[in-house]
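Please look through the sequence and the model shown below. The report that follows takes up single residues, then helix packing, and then the chain as a whole.

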Amino acid sequence: MLQRRSAEHWAGRLYMRRISLRITRVLSTITAITPNGLTYLMMFTGILAGVALVLPGITGAVLGALLIQVYLLLDCVDGEVARWRRQTSLTGVYLDRVGHYMSEAALLTGLGLRATDLLHREGHGSHWEWAFLGTLAALGAILIKSETDLVDVARARSGMTAVEDSASVPRSSSVAKARRAASFLKFHRLVGAVEASLFILAAGIGDAVHGGLFLTRLAVVVLAAIAMLQTVLHLLSIVLSSRLR
């Protein structure tokens with residue numbers, strides 16, 4: 001399983017697979033938990049990470065980042081258990097995608113609520129504009145994933161097979177260059193659950209040192225801007241590629 005590289009997250013390759021494989025062996029031999037049960041647990045953990053961010057101070061940021069690591073672990077383990085027990089299913093694939101949607105949206109929404117200052121640590125009122133920006137970032141993260149997934153939906157409804165990797169290259173040379181630049185910079189990854197949780201943790205540590213919520217609020221602005229920009233760029237890269245042909 002460690003040799004699997006397709007669509008594997010960098011954290012999975014770097015360290016999480018080495019941990020998850022040991023846990024998978026234990027779960028597969030001494031428990032009756034199902035792969036889908038693990039996926040539901042993954043969903044719950046991811047959503048809980050977003051809720052944890054509402055806790056003020058460094059506590060919320062640390063807890064959110066730790067829960068996202070557990071979320072990533074469960075994301076690895078559910079598939080490994082499914083393959084170990086030969087219980088892979090379309091339902092499992094579907095739940096896994098929904099879990100990613102929900103968890104990333106919850107994390108970014110939680111960041112917006114964190115910046116809102118619900119407990120009035122920074123004054124006498126809540127600043128709901130930050131919640132709006134956090135929700136905007138969450139919407140962007142969902143749209144980016146749905147743009148990718150809907151390619152296969154559109155192809156399936158037209159009686160076509162799943163898209164091949166070669167079809168993702170844009171036909172326009174200028175768009176292809178922009179896509180390569182974005183891929184090299186990897187700024188779009190910041191709205192992913194693992195990267196966003198670490199970014200939020202860094203902002204939380206900075207705020208704990210300097211006081212206030214300036215860095216957390218800056219993080220909301222940065223992630224919302226990246227999410228909205230990537231939504232447009234990703235849509236263009238799909239429409240201008242051969243994936244829908």
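H100 counts as buried because its relative accessibility is 11%, where buried means under 20% relative accessible area, exposed means over 50%, and partly exposed lies in between (1.4 Å probe, protein chains only). The residue belongs to helix α4, which covers residues 90–116; helices (H or I, at least four residues) and strands (E, at least two) are DSSP runs, numbered from the N terminus. Leaving aside residues up to four places away in sequence, H100 touches M42, Y71, D75 and K145, a contact being heavy atoms within 4.5 Å.

This is a predicted model, in which local features need pLDDT of at least 70 and side-chain atom pairs count only at pLDDT 80 or more, while totals for chains, interfaces and linings use all residues. Residues are numbered from 1 along each chain as its sequence is written, and side-chain values use heavy atoms, with hydrogens and water left out.

Helix α4 also packs against other helices. Two packed helices are described by the angle between their axes and the distance between the axes. Axes here are lines fitted to C-alpha atoms, for helices over the stretch in contact, and angles run from 0 to 180 degrees between N-to-C directions. The axes of helix α2 (residues 35–52) and α4 come within 7 Å and cross at roughly 10 degrees. That makes α2 roughly parallel to α4, since angles under 35 degrees count as roughly parallel, over 145 as roughly antiparallel, 65 to 115 as roughly perpendicular and the rest as oblique. The residues of this contact divide into 10 nonpolar, 10 polar and one charged; Ala, Val, Leu, Ile, Met, Phe, Trp, Tyr, Cys and Pro count as nonpolar, Asp, Glu, Lys and Arg as charged, and the others, Gly among them, as polar. Among the residues that meet are M42 and M43 in α2, and H100 and M102 in α4.

With helix α7 (residues 193–210), α4 packs at an angle of about 20 degrees, their axes being 10 Å apart. These two helices are therefore roughly parallel to each other as well. In this contact, E104, L107, L108, L111 and R114 in α4 meet A193, A196, S197, I200 and G204 in α7, and the residues divide into six nonpolar, two polar and two charged.

Three residues in loops can be set side by side.

| Residue | Loop | Relative accessible area |
|---|---|---|
| R86 | between α3 and α4 | 78%, exposed |
| D117 | between α4 and α5 (128–157) | 5%, buried |
| R189 | between α6 (173–185) and α7 | 32%, partly exposed |

R86 has a positive phi of about 55 degrees although it is not a glycine, and D117, likewise not a glycine, has a positive phi of about 65 degrees. R189 touches W10 and E195, not counting residues up to four places away in sequence, and its C-alpha atom is separated by 9.1 Å from that of I226, which lies 37 residues apart from R189 along the chain.

Helix α3 (residues 57–84) has 28 residues and reaches 41 Å from its first C-alpha to its last, close to the 40 Å expected at 1.5 Å a residue, the expected span being 1.5 Å times one less than the number of residues.

For the chain as a whole, the secondary structure comes to eight helices and zero strands. Buried residues make up 43% of the 245 residues in the protein chain, and residues 24 or more positions apart account for 78% of the contacts with a separation of 6 or more.
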